[in-house]
Amino acid sequence: MSRDTGAFDDLLQEDRRFPPPADFAATAVVDASIYRRAGDDRERYWAEWAEQLEWFEPWRRVLEWNPPYAKWFLGGKLNVSYNCLDRHLAAGRGERTALLWEGEPGDTKRYSYAELHREVCLFANALRGLGVQKGDRVTIYLPMIPEAAIAMLACTRIGAIHSVVFGGFSPESLADRNNDAESKVLVTADGGWRRGTIVPLKENADEALDASPTVESVVVVARGGDLSEQTGVTMVAGRDHWYHDLVAEADPECPAEEMDAEDTLFILYTSGTTGKPKGVVHTTGGYLTQVYATTQAVFDLHDEDVYWCTADVGWITGHSYIVYGPLANCAQVVMYEGAPDHPDRGRFWDLCERYAVTIFYTAPTAIRAFMRWGDEWPAKYDLSSLRLLGTVGEPINPEAWMWYHHVIGGGRCPIVDTWWQTETGGIMITPLPGVTETKPGTATRPFPGIEATILDDEGDETQAGYLAITEPWPSMLRTVWGDDERFKNTYWSKWENIYFAGDGAKRDGDDYFWILGRVDDVLNVAGHRIGTSEVESALVDHPAVAESAVVGKGHEIKGESIAAFVTLKEGVDGSDALVAELREHVGKKIGAIAKPEMVVLTADLPKTRSGKIMRRLLRDIAEGRAVGDTTTLADPAVVRRLQKQHEAEEG
Ligand code: PRX
């Protein structure tokens with residue numbers, strides 16, 4: 001395994017235990033019997049969850065497993081937007097709050113389920129009017145505004161496949177995704193607010209569209225407020241349409257398309273170890289079943305809850321736990337557009353107080369930032385409405401867990417540390433808040449109905465090794481868009497018929513899983529996945545660069561930050577200005593999240609005799625550690641030179 005696990009051994013000494021508070025357990029949605037039910041008959045158990053959704057036609061068979069291809073709920077027909085909206089209207093819950101949205105400048109919108117249904121139907125018909133048919137791809141490149149959820153649901157209503165691209169990605173990244181998915185329509189906005197500045201999405205989209213030949217139509221949401229007054233966007237006649245114009249003309253009647261359980265629901269691009277990001281494919285019935293079940297059981301969702309997940313819809317967390325899981329459960333969902341520190345560092349707590357949030361789900365990187373900002377910010381607000389806290393995206397260090405528990409949760413809220421991935425679609429390893437005794441830093445046990453273990457290279461069970469999922473699960477990815485080979489190689493080639501998650505893990509005496517982080521060349525920067533190879537390609541794309549090697553470096557807030565070692569082309573002189581230019585270049589190629597924090601210009605990179613870059617050594621250097629074994633290096637002097645240079649730069 002590539003990560004140093006020394007510090008981790010200390011974690012297993014962690015013996016603070018937090019049993020579920022008795023009053024919480026007494027009213028919890030699920031109790032411990034759920035594990036027995038799942039264990040007795042896994043397929044029956046998942047079918048029972050699926051039965052709580054509404055199906056136009058029942059399935060004939062729960063699971064067909066032809067490794068690595070799984071089909072769930074074969075022959076079943078359903079529609080996701082119908083289950084997230086119409087089903088609740090039919091139950092007389094149309095007036096219930098669906099979305100409580102707040103923009104960064106403080107503008108607000110509230111949608112009842114009936115209102116959300118109307119908006120979704122209108123936009124679904126608008127998409128149909130642009131020629132979008134079942135199976136067509138629609139790229140969604142929006143800020144965190146209600147139209148993001150509306151556009152996603154509208155796609156599902158007519159059977160179009162959405163590909164949501166995070167608004168922080170660059171034009172080039174957007175074009176790559178448009179092209180890989182061969183998207184027909186792009187939905188964007190004039191802009192969005194982030195930390196008091198405007199993110200010019202339409203401008204970025206225009207640049208991407210020059211290189212996106214399949215996109216025939218562009219829909220532009222006017223973000224509204226000051227922003228729309230400030231941004232003068234250029235609309236291309238015949239191609240670009242204002243969202244509000246299309247919707248104004250659309251029919252509000254839009255019957256939901258009957259989709260097969262295995263029809264593709266969406267594609268979401270994520271970074272891997274090699275090449276360009278891959279389009280993870282999720283389908284309809286299994287995905288909805290697992291996100292529905294996990295939202296209800298993991299977040300202990302009750303009618304009176306006000307639920308807030310702080311992710312962006314551009315990531316899987318936003319798909320599964322802002323939009324589909326909560327809405328399928330008829331939850332009251334808070335959605336916030338902007339940054340946690342705008343206009344000040346109390347913004348999240350201000351939102352929690354004003355909306356009386358009861359369930360709060362965020363990332364460890366955010367928790368570490370809050371810790372650093374100081375207890376005085378949360379102390380200014382009344383957080384007594386909170387009753388459950390969640391984390392996702394990276395391992396949470398026990399100090400951050402304890403801080404979250406005491407300062408945000410007032411010592412009374414259970415914490416659910418949820419492990420899962422873009423590929424798994426839904427939560428896989430997690431406490432159940434009314435059942436599981438938690439310990440700071442562990443995601444505890446597999447969700448009922450999920451079979452996980454820890455294996456070594458040979459596929460034998462071990463206490464410390466690679467996290468593996470041994471049985472198919474409903475919301476698993478079905479393939480990589482257009483690339484079955486990559487699907488097989490990435491996830492199914494390490495062992496036979498067992499899913500390789502790419503994470504290292506250990507198991508403790510309680511059989512709890514402790515996730516160690518990635519074992520491959522995928523970085524986790526502030527909870528965002530970035531492939532080292534993507535950053536390397538972006539660097540080598542710069543005319544001054546000959547070669548580069550990118551590694552992760554421990555970071556107090558972000559968990560990991562990016563360190564790049566770069567050799568320049570013959571005759572190019574290194575300078576601070578060039579370093580700054582290289583960072584900008586990566587930002588322009590991929591997006592600001594991928595900018596290396598540290599760039600080291602070097603005459604050589606440490607390589608083995610066969611020419612493989614020794615990343616392990618580069619990580620040691622970047623983190624200022626004693627360098628490990630260098631005997632396999634072609635030229636050990638390279639490392640000494642690099643170390644000296646790095647010490648001089650740091651010192
Ligand atoms: O390394 C694991 C880490 O995030 C990776 C998945 O990233 P992504 O597909 O972007 O999805 C993030 C949101 C689901 C995993 O391979 N990860 C996620 N949750 C946890 C975690 N690591 C430790 N503990 C977690 N709770």
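User: How do you know how the axes of helix H19 and helix H20 lie relative to each other?

Analyst: The axes of helix H19 (residues 532–540) and helix H20 (residues 576–589) come within 9 Å and cross at roughly 120°. The axes are lines fitted to C-alpha atoms over the stretch in contact, and angles run from 0 to 180 degrees between N-to-C directions. Helices (H or I, at least four residues) and strands (E, at least two) are DSSP runs, numbered from the N terminus. The model is predicted, so that local features need pLDDT of at least 70 and side-chain atom pairs pLDDT 80 or more, while totals for chains, interfaces and linings use all residues. Residues are numbered from 1 along each chain as its sequence is written, and side-chain values use heavy atoms, without hydrogens or water.

User: Which handedness does the crossing of H19 and H20 have, and which residues make the contact?

Analyst: H19 passes H20 in a right-handed crossing, a term for a near helix turned clockwise from the far one by less than a right angle, left-handed being anticlockwise. H19 brings Val535, Ala538 and Leu539 to the contact, and H20 brings Leu582, His585, Val586 and Lys589, where contact means heavy atoms within 4.5 Å. These residues divide into five nonpolar, one polar and one charged.

User: What makes proline 395 a polar contact of the ligand?

Analyst: A backbone N or O atom of proline 395 lies 3.4 Å from a nitrogen atom of the ligand, and a polar contact is a pair of N or O atoms within 3.5 Å, so the pair qualifies. A ligand nitrogen also lies 2.7 Å from an N or O atom in the side chain of aspartate 417, and a ligand nitrogen is 2.7 Å from a polar backbone atom of threonine 418. Of the 540 Å² of accessible area that the ligand has on its own, the protein covers 96%, by the Shrake-Rupley method with a 1.4 Å probe. Helix H13 (316–328), strand S20 (415–418) and strand S25 (513–518) are the elements that give two or more residues to the shell.

User: How many residues surround the ligand, and how do they divide by character?

Analyst: The ligand is surrounded by 17 residues, the closest being Asp417, Thr418, Thr422, Asp503 and Arg529; a residue counts if one of its heavy atoms lies within 4 Å. Six of the shell residues are nonpolar, six polar and five charged.

User: Why is the peptide bond from proline 67 to proline 68 called cis?

Analyst: Its omega is near 0°, whereas most peptide bonds are trans. Proline 68 sits in the loop between strand S1 (61–66) and strand S2 (69–74). The bond from histidine 342 to proline 343 is likewise cis, with omega near 0°, and proline 343 belongs to the loop between strand S17 (332–336) and helix H14 (347–355).

User: What does the side chain of threonine 462 reach?

Analyst: The side chain of threonine 462 reaches the backbone oxygen of alanine 464 at 3.1 Å. Threonine 462 lies in the loop between strand S21 (452–455) and strand S22 (464–469), and touches Ile454, Leu455 and Asp456, leaving aside residues up to four places away in sequence.

Notes: Polar contact = N/O pair within 3.5 Å; in protein donor to acceptor, adjacent residues only side chain to side chain. Nonpolar A, V, L, I, M, F, W, Y, C, P; charged D, E, K, R; others polar.
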